[in-house]
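Please open the structure in your viewer and keep the selection tool at hand. The stops below are meant to be taken in order, each beginning with something to select.

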Amino acid sequence: MYTETVRDYFLNPRNVGSLDHADGIGEVGNAKCGDVMKISIKVEDDRIADVRFETFGCAAAIASSSIATEMIKGKTLDEALKVTNKDVLDALGGLPAEKIHCSLLAEEGIRAAVEDYRSRMAERA
Amino acid sequence: MEQRRVYLDHSATTPVDDRVLEAMMPFFKVDFGNPNSIHAWGRRVREHVNGARERVASLLGAEPREIIFTGGGSEADNLAIKGAAFALKARGKHVITSAIEHHAVLDTVKWLGENGFDVTILPVDAQGMVSPETFRNSLREDTIFATVMYANNEVGTVQPIAELGAICRERGILFHTDAVQAAGHVPIDVRTLPVDMLTLSAHKMYGPKGVGALYVRRGVRIPPLVHGGGQEFGLRSGTENTAGIVGFGEAALLALDRFENGDDEKERFLRDKLIDGIQARIDAVLLTGHRTKRLPFHASVCIEHIEGEAMLLRLDAVGIGASSGSACTSGSLDPSHVLLAMGLSHVTAHGSLRLSLGKDTTEADIDYVLDALPPVVETLRAMSPFGRK
């Protein structure tokens with residue numbers, strides 16, 4: 001049911017963990033539904049210099065968050081916000097229909113982390 | 001070196017025993033006759049179908065005439081439940097079941113509820129047990145039928161069927177039990193067990209898929225689900241699945257042998273070693289189901305902070321086949337109705353793991369799982385925002 005890419009990102013996840021002194025943290029999902037995704041970013045010159053994820057969820061949720069961290073690393077914040085769940089799905093080679101929401105969670109996680117960073121900046125300003 | 005492979009999903013299905021397969025083989029090409037035909041080809045096959053009926057009956061202490069072969073356990077459940085409802089609808093419209101039934105029972109009873117019957121779905125306690133007192137209190141003047149499973153497929157809890165059946169008998173209520181998980185694994189004797197109908201399935205006891213049976217106590221009258229040529233005493237029309245039925249008969253015979261050899265005791269020992277080992281090696285683990293009143297081959301737990309499907313795939317990657325009541329294995333957002341009915345939180349229920357042993361499971365297999373599971377849990381917990389750091 002899963003593509004080789006999904007299996008690979010699930011069994012060998014990239015960018016696992018949390019960043020010390022993260023500049024922005026996005027936590028999305030709901031433990032009741034079985035998926036919680038937490039994405040931490042480090043921002044330098046308006047670019048995502050580093051990113052980590054922690055996910056409670058199924059293989060699709062873990063693979064989606066892992067590949068999403070790779071997709072946004074090095075991008076400007078505006079570029080990162082343009083990454084959609086479709087991009088995540090394409091990068092994974094697709095997900096079963098009932099798992100599409102996992103890719104959406106990755107998109108929401110990125111957005112929440114960037115928004116968290118921007119609101120922290122706004123508070124400081 | 002080739003990776004070790006350990007199959008611990010016998011509650012889902014069992015491999016066909018070699019002797020069962022051997023018994024089945026002639027019925028595809030050599031003894032291919034239709035058992036309903038009058039000629040020699042047919043008569044010969046009829047004898048074997050009758051022999052299989054005797055064997056399945058002997059597993060339960062039943063009479064051969066009381067065994068109706070069906071296309072599987074789900075069909076047998078449907079025949080019993082819809083049959084009882086139709087047969088008794090003039091007497092009343094109240095039907096009782098439990099919250100942790102297999103969907104073949106639960107959905108069928110709910111369907112009755114949408115079609116003019118009143119349905120009571122009984123709660124269970126934290127161990128997944130139906131209380132006889134609650135059961136008794138749920139009975140009404142117009143209760144016609146109750147169905148409670150013998151043993152649960154997800155958590156392994158064995159219900160007090162003798163007590164529930166006795167309550168029904170006192171009140172003249174028809175009682176069915178879905179014994180798909182239990183039959184062939186724990187001794188069942190309908191000469192003393194007060195049940196009117198009982199479901200069993202061949203592929204859960206080393207027989208083939210696609211064949212089940214309903215025990216219908218002599219004197220109980222229900223209408224058929226499948227009308228047609230009148231096979232199976234008019235209760236299940238259609239040319240008999242002769243190879244499957246013969247295989248089922250052989251599987252029943254082998255199950256009786258296993259009881260005599262005390263093989264269930266060996267399974268019980270390995271099951272306890274597995275449960276104790278998991279609890280000793282991994283923290284924040286909850287045993288699901290009753291500690292002792294459980295199927296001899298059944299270990300089920302919830303492992304906190306991680307999700308079941310992810311656990312299954314990582315176990316699969318190291319050669320271990322298991323299952324889970326996690327939502328993500330079902331495509332719904334809610335985890336198993338059984339775990340929720342037992343009062344577990346959604347978050348805990350998402351981490352469910354079911355390991356069901358088989359007759360060929362060895363102690364080395366259990367040791368392998370006990371070594372392989374902790375690093376899988378550790379890896380997933382390290383990835384989880386709820387994991388212990």
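What follows is a tour of a predicted model, going from core to helix packing and then to single residues.

**The cores**

Begin by selecting A:Ile41 and B:Phe135, which are the residues with the most contacts inside the largest nonpolar core, a core of 136 residues. If you keep A:Ile41 and display what surrounds it, leaving out residues up to four places away in sequence, you will find that it touches A:Leu19, A:Ala22, A:Asp23, A:Gly24, A:Ile48, A:Asp50, A:Val51, A:Ile72, A:Leu77, A:Ala113, A:Val114 and A:Tyr117. A second core, separate from this one, has 22 residues, and to locate it you can select B:Ala76, B:Ala80, B:Phe117 and B:Val216, which are among its members.

**Two helices of chain A**

Next select residues 4-11 of chain A, which form helix H1, together with residues 59-72 of chain A, which form helix H2; the two pack at an angle of about 85°, and their axes are 8 Å apart. At that angle H1(A) and H2(A) are therefore roughly perpendicular to each other. To see the contact itself, show the side chains of A:Thr5, A:Val6, A:Tyr9 and A:Phe10 on H1(A), and on H2(A) those of A:Ala59, A:Ile62, A:Ala63, A:Ser66, A:Ile67 and A:Glu70. Sorted by class, the residues of this contact of H1(A) with H2(A) are seven nonpolar, two polar and one charged.

**From chain A to chain B**

Keep H1(A) on display and add H10(B), which packs against H1(A) at an angle of about 95°, with the axes 11 Å apart. H1(A) is thus roughly perpendicular to H10(B). In this contact A:Arg7, A:Phe10 and A:Leu11 of H1(A) meet B:Ala310, B:Leu313, B:Arg314, B:Asp316 and B:Ala317 of H10(B), and by class the contact of H1(A) with H10(B) holds five nonpolar, no polar and three charged residues.

Is H10(B) mostly covered or mostly open? H10(B) is mostly covered, since eight of its ten residues are buried; these are B:Gly308, B:Glu309, B:Ala310, B:Met311, B:Leu312, B:Leu313, B:Arg314 and B:Leu315. To see what lies over the buried residues of H10(B), show H1 and H2 of chain A, and in chain B show E10, strand E11 (320-321), strand E12 (352-356) and H13, which are included in the covering.

**Two helices of chain B**

Now select helix H9 (residues 263-281) and helix H13 (residues 363-383), both of chain B, whose axes come within 10 Å and cross at roughly 20°. H9(B) and H13(B) are therefore roughly parallel to each other, and their crossing is right-handed. On the H9(B) side the contact is made by B:Phe269, B:Leu270, B:Lys273, B:Leu274, B:Gly277, B:Ile278 and B:Arg281, which meet B:Glu363, B:Ile366, B:Asp367, B:Val369, B:Leu370, B:Asp371, B:Leu373 and B:Pro374 of H13(B). The residues of this contact of H9(B) with H13(B) comprise nine nonpolar, one polar and five charged.

**Two loop residues with positive phi**

Select B:His305, in the loop between strand E10 (298-303) and helix H10 (308-317) of chain B. B:His305 has a positive phi of about 80° although it is not a glycine, and B:His305 is buried, with a relative accessible area of 16%. Then move to B:Glu232, in the loop between strand E8 (212-216) and helix H8 (242-261) of chain B. B:Glu232, again not a glycine, has a positive phi of about 50°, and its relative accessible area is 5%, so B:Glu232 is buried.

**Two buried residues to finish**

From that loop, continue into helix H8 of chain B and select B:Phe248, which is buried, with a relative accessible area of 0%. Leaving aside neighbours within four places in sequence, B:Phe248 is in contact with B:Val56, B:Phe69, B:Leu200, B:Ser201, B:Ala202, B:Met205, B:Pro208, B:Val211, B:Gly212 and B:Ala213. If you draw a distance from B:Phe248 to B:Val16, C-alpha to C-alpha, the two are 9.9 Å apart in space and 232 residues apart in sequence.

Finally, select B:Thr143 in strand E5 (residues 143-147) of chain B, a residue that is buried, with a relative accessible area of 5%. Beyond its neighbours within four places in sequence, B:Thr143 is in contact with B:His94, B:Ile96, B:Ser138 and B:Ile173. A C-alpha to C-alpha distance from B:Thr143 to B:Leu60 spans 27 Å in space, for residues that are 83 apart in sequence.

Terms used:
Residues numbered from 1 in each chain as written. Chains lettered and ligands numbered in written order. Predicted model: local features only at pLDDT ≥ 70, side-chain atom pairs only at ≥ 80, totals over all residues. Heavy atoms only, no water. Core = buried A, V, L, I, M, F, W, Y, C linked by side-chain atoms within 4.5 Å. Buried < 20%, exposed > 50% of the residue type's maximum accessible area, 1.4 Å probe, protein only. Contact = heavy atoms within 4.5 Å. Axes fitted to C-alpha atoms, helices over the stretch in contact; angles between N-to-C directions. Helix = DSSP H or I, 4+ residues; strand = E, 2+ residues; numbered from the N terminus. Parallel < 35°, antiparallel > 145°, perpendicular 65-115°, else oblique. Left-handed = near helix turned anticlockwise from the far one by under 90°. Nonpolar A, V, L, I, M, F, W, Y, C, P; charged D, E, K, R; others polar.
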